[in-house]
Amino acid sequence: MCIFLVSAANAQTRYEEVASKFAEFYNQQSPDSLFNLYSPALKEKLTLEKTRTVWEGLHVEYGDLKSLKLLKQDTGFNMYKAGFAHQTLTLLLALSEDNLIEGYRLVPYDADKFPDQKNR
């Protein structure tokens, strides 16, 4: 039981560090820095050029990332409420065993799924 709790705490710390870097690099408009956090498999799927293009579009559409609040920790990914300047979205973030980003996705935020977050 203690080993599981320590492991879960370590996983949470890893996710918080990467999520913080994600927000920092996004706001600095530094897709190259984010790309360096990708797993080799993600680098193949989402090249540096694609990452630059996607981030440029996201920044124009949504503005700066003002806040990231953990909504749910699940096996293989964390879900965050991502408060952008122009809209609130949900960030799904998956890390590899090496603490590299295996995948991420921004999807519409559904406040009804997280009623305790409505006023935050």
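**Notebook: fold and cores**

I read the protein chain along its sequence and noted the order α-α-α-α-β-β-β-β. That makes four helices and four strands. I keep in mind that this is a predicted model.

I then looked up burial. Of the 120 residues in the protein chain, 39% are buried. For the surface I noted an accessible area of about 7,400 Å², with 52% of it belonging to carbon and sulfur atoms.

Next I checked how far apart in sequence the contacting residues lie. Among contacts with a separation of 6 or more, 42% join residues 24 or more positions apart.

Which residues touch the most other members of the largest nonpolar core? I found Leu34, Tyr38, Trp55, Leu93, Ile101 and Tyr104 in that role, in a core of 26 residues. I listed the elements that give two or more residues to this core: the helices α1 (2–27), α2 (31–35) and α4 (48–62), and the strands β2 (77–84), β3 (88–95) and β4 (101–108). The most comes from α1, which supplies seven residues.

I also noted a second core, separate from this one, with five residues. Met79, Leu92, Tyr109 and Phe114 are among them.

I went back to Leu34 and set aside its neighbours within four places in sequence. What is Leu34 then in contact with? I recorded Phe22, Phe25, Trp55, Ile101 and Tyr104. Of these partners, Trp55, Ile101 and Tyr104 are also on my list of residues that touch the most other members of the largest core.

As background I wrote down that nonpolar side chains tend to be buried together in soluble globular proteins.

Key
Residues numbered from 1 in each chain as written. Predicted model: local features only at pLDDT ≥ 70, side-chain atom pairs only at ≥ 80, totals over all residues. Heavy atoms only, no water. Buried < 20%, exposed > 50% of the residue type's maximum accessible area, 1.4 Å probe, protein only. Contact = heavy atoms within 4.5 Å. Areas by Shrake-Rupley, 256 points an atom, 1.4 Å probe, with all protein chains shown as cover. Core = buried A, V, L, I, M, F, W, Y, C linked by side-chain atoms within 4.5 Å.
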